[in-house]
Amino acid sequence: MRLTEMFNDIAYEPHVQQLAFHDDDSRFKLLIAGARFGKSLASARDTLSDLLAGNTRGWLVGPTYALTRPEFRYIRDDMLHASDITEYSNHPPALTTRWGGEVVCMSARLPEALLGEEIDWLILCEGAHLDREAFDRFLRARLVTRNGRLLVPTTPRGHNWIYELYEGASKLEEWRVQRAATWDNPHVDEEEINAARRSLPQATFAEQFGGEFVTPHGRVYEEFDYELHVAPGLTPPPGAILHKGIDFGYVAPFACLWGYLDADDVLHIVHEYYRPERAMPLHIRSMREIDDRFRAMGCRMGAAYVDPSGAEQRNMLAQEGLHVLPANNHVEGGIEVVRRRLIPNAQGRAGLRIDASCMNLLREIDGYAWQDNARAPGKGSDHALDALRYLCVALTRRVGWKPPGVVW
Ligand SMILES: Nc1ncnc2c1ncn2[C@@H]1O[C@H](COP(=O)(O)OP(=O)(O)OP(=O)(O)O)[C@@H](O)[C@H]1O
Ligand SMILES: [Mg+2]
């Protein structure tokens with residue numbers, strides 16, 4: 001039976017965007033949409049042809065069982081006759097049909113359960129709230145043997161892994177991505193949408209109702225603000241002592257930042273060096289050239305606070321006459337110190353200013369995100385940020401910069 005005939009039987013009239021979703025027969029479909037768009041309904045109904053096809057097995061996987069229930073209820077209610085369901089359970093939600101179709105809800109909180117059998121179709125309910133790891137490690141393989149289908153209906157959640165999938169999927173075979181807004185569903189009351197528009201911050205509304213990837217959910221440095229923290233042409237005055245923060249890398253970039261503290265204890269990051277895949281002597285040569293340029297401006301060189309795990313590289317730098325000290329590499333504590341510098345004081349001044357030429361540092365600081373449900377940021381683009389952390393911790397320990405007005 002064609003899907004449209006089935007829809008007739010159950011009196012389902014998909015709206016235009018839902019129709020586009022159903023019309024596409026890609027194996028993997030990502031549906032990003034605002035709240036109440038009809039994601040759950042459309043996903044449940046898209047799997048009807050699989051469920052009615054015979055003894056197939058489908059899973060509804062969500063961050064919790066509760067988030068799989070809407071899809072599960074739609075499927076249950078679509079069974080035309082009570083006798084179509086031969087087995088039914090509420091905890092966990094599951095059903096079996098008389099022709100041997102199985103629908104089982106799974107919670108990603110119990111990842112071992114996701115190791116189960118092969119499946120023919122899978123709905124990742126509110127996928128943006130799931131860990132990428134659960135999908136990569138536990139779920140992807142389940143679909144392979146039976147050439148299973150995957151639907152991912154979700155509201156966006158900042159620039160997390162769903163965003164990456166959304167950006168990348170259009171280039172992948174077998175994938176179809178679609179993004180839509182709450183107001184694409186004509187069954188949602190316009191006044192409800194307008195009330196939300198009035199009461200929510202603009203970015204939240206754009207994400208939750210517009211289905212847009214806007215709020216960088218879980219940004220580590222959420223206080224970072226271009227207006228406040230970035231300026232062109234930050235030049236150290238003659239006599240300034242420039243310190244360095246250095247994060248070693250060979251395949252990953254080697255990052256070095258130059259910074260000085262002004263009389264108000266504001267840390268100015270005035271230069272960055274950021275290069276991957278170069279031998280240490282070349283990095284040293286480049287850093288020396290930059291040091292010399294600052295010396296010519298009347299600056300003096302202070303210590304270099306470096307990645308404490310790189311003893312060998314540290315020795316190489318020391319042998320070249322650099323004053324190197326192993327940095328404190330406590331990530332969470334270091335992040336806290338950087339964040340305190342980002343918060344403006346009563347006069348609206350922040351404790352950290354970055355020269356606009358430090359493109360890599362600025363890119364990293366803006367995109368640095370907490371890994372879903374974890375207390376550590378995702379590894380990746382954090383080389384200049386490590387260097388920044390080393391500098392901030394080292395220099396703040398000395399001067400104790402903190403926003404005035406905070407009582408400790
Ligand atoms: N084609 C349709 N015809 C009639 N009603 C629809 C249709 N699509 C969705 N709806 C109704 O819109 C409401 C939202 O649907 P649904 O729960 O599927 O949306 P959702 O995008 O999953 O929402 P949430 O973000 O809350 O999970 C429900 O009341 C549903 O019955
Ligand atoms: Mg839903």
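A residue counts as buried if 20 or more other C-beta atoms, placed from the backbone, lie within 10 Å of its own, as exposed if 12 or fewer do, and as partly exposed in between. The model is predicted: local features need pLDDT of at least 70 and side-chain atom pairs pLDDT 80 or more, while totals for chains, interfaces and linings use all residues. Residues are numbered from 1 along each chain as its sequence is written, with chains lettered from A and ligands numbered from 1 in the order written.

Select β10 (241-247); helices (H or I, at least four residues) and strands (E, at least two) are DSSP runs numbered from the N terminus. Six of its seven residues are buried, so β10 is largely enclosed by the rest of the structure.

Add β11 next: a hairpin of six residues links it to β10, and the two pair antiparallel over five bridges (pairing takes at least two DSSP bridges). H243 faces G259 there. Then add β13, which pairs with β10 in the parallel sense, also over five bridges; L242 is bridged to M301.

Now show the largest nonpolar core, 50 residues (buried Ala, Val, Leu, Ile, Met, Phe, Trp, Tyr and Cys joined through C-beta atoms within 7 Å). α15 contributes the most, 10 residues. Center on A387: among its contacts (C-beta atoms within 7 Å) are G245, I246 and L257. A second, separate core has 42 residues, including L41 and Y65.

Finish at ligand 1, surrounded by 16 residues (C-beta within 6 Å). A35, G38, K39, S40 and L41 are the closest, and helix α3 (39-46) gives the most to this shell, three residues.

Definitions and conventions. Two residues are in contact if their C-beta atoms, placed from the backbone, lie within 7 Å. Lists of a residue's contacts leave out its neighbours within four places in sequence.
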